[in-house]
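Please find below my note on the structure you sent, set out as numbered points. I suggest reading each point with the model open beside it.

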Amino acid sequence: MRSAPTNAAAPVFDAAHLARYTGGDAALKAELLALMCEQAERCIGLIAAAPDRQTWISALHTLKGAARGVGAFALGEACEAAETAPEAGWPAAAEAVALAFAATRRCFDAS
């Protein structure tokens, strides 16, 4: 399995990565992307309202894994960066994750 990029130039969505796991099955791709979007919405809600570091890290880690699993590498990178943000930086980090998800969703919709 190819490891996820670990830099700021990570692709927003690597459709070829997902295609390797779906075998080109359009219905499976659509289902996985829909599940990823649902997971992202839940996690972003948890991130925005995180009362403590454990909740913060857990939600980000969950979203990071889901994103990388479907080839949404830029979102995974945003989550990874946010995991280490100091509490004072959580609002800006949460906004960066939300923006990365918005860009990811646009790519999903266009694919």
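The points below take up the nonpolar core, one covered helix, the aromatic pairs and a helix crossing.

1. The coordinates come from a predicted model, and the remarks that follow should be read with that in mind.

2. The largest nonpolar core has 29 residues, and those with the most contacts inside it are Met36, Ile47, Trp56, Leu63, Leu75, Val97 and Phe108. Four helices, H2 (26–48), H3 (53–70), H4 (73–83) and H5 (90–110), each supply at least two residues of this core.

3. Which residues does isoleucine 47 touch, once its neighbours within four places in sequence are left aside? The contacts of isoleucine 47 are Trp56, Ala59, Leu60, Leu63, Ala94 and Val97, and of these Trp56, Leu63 and Val97 are named, like Ile47 itself, among the residues with the most contacts inside the core.

4. Helix H4 is mostly covered, with 8 of its 11 residues buried. The buried residues are Phe73, Leu75, Gly76, Glu77, Ala78, Cys79, Ala82 and Glu83, a list in which a reader may wish to note the two glutamates, Glu77 and Glu83. What covers these buried residues includes helix H1 (15–22) together with H2, H3 and H5.

5. The count of aromatic pairs comes to 2. Phenylalanine 13 and phenylalanine 108 form an edge-to-face pair, with 4.9 Å from centre to centre and 80 degrees between the planes. This pair links distant parts of the chain, since phenylalanine 13 belongs to the segment before H1 and phenylalanine 108 to helix H5, 95 residues apart. Phenylalanine 13 is buried, with a relative accessible area of 13%, and phenylalanine 108 is buried as well, with a relative accessible area of 6%.

6. The rings of tryptophan 56 and tryptophan 90 have their centres 4.5 Å apart and their planes at 10 degrees, and the pair is therefore stacked. Because tryptophan 56 lies in helix H3 and tryptophan 90 in helix H5, the pair ties together parts that are 34 residues apart in sequence. Both tryptophan 56 and tryptophan 90 are buried.

7. How do H1 and H2 meet, and at roughly what angle do their axes cross? The axes come within 10 Å and cross at roughly 115 degrees, and H1 passes H2 in a right-handed crossing. On the H1 side the residues involved are Leu18, Tyr21 and Thr22, which meet Leu28, Lys29, Leu32 and Leu33 in H2. Sorted by class, the contact of H1 with H2 has 5 nonpolar, 1 polar and 1 charged residues.

How values were computed
Residues are numbered from 1 along each chain as its sequence is written. This is a predicted model: local features need pLDDT of at least 70, side-chain atom pairs count only at pLDDT 80 or more; totals for chains, interfaces and linings use all residues. Side-chain values use heavy atoms; hydrogens and water are left out. A nonpolar core is a set of buried Ala, Val, Leu, Ile, Met, Phe, Trp, Tyr and Cys residues joined through side-chain atoms within 4.5 Å. Buried means under 20% relative accessible area, exposed over 50%, partly exposed in between (1.4 Å probe, protein chains only). Contact means heavy atoms within 4.5 Å. Rings of Phe, Tyr and Trp (its six-membered ring) pair if their centres lie within 6.5 Å; planes under 30 degrees apart count as stacked, over 60 as edge-to-face and the rest as tilted. Axes are lines fitted to C-alpha atoms, for helices over the stretch in contact, and angles run from 0 to 180 degrees between N-to-C directions. A crossing is left-handed if the near helix is turned anticlockwise from the far one by less than a right angle, and right-handed if clockwise. Ala, Val, Leu, Ile, Met, Phe, Trp, Tyr, Cys and Pro count as nonpolar, Asp, Glu, Lys and Arg as charged, and the others, Gly among them, as polar.
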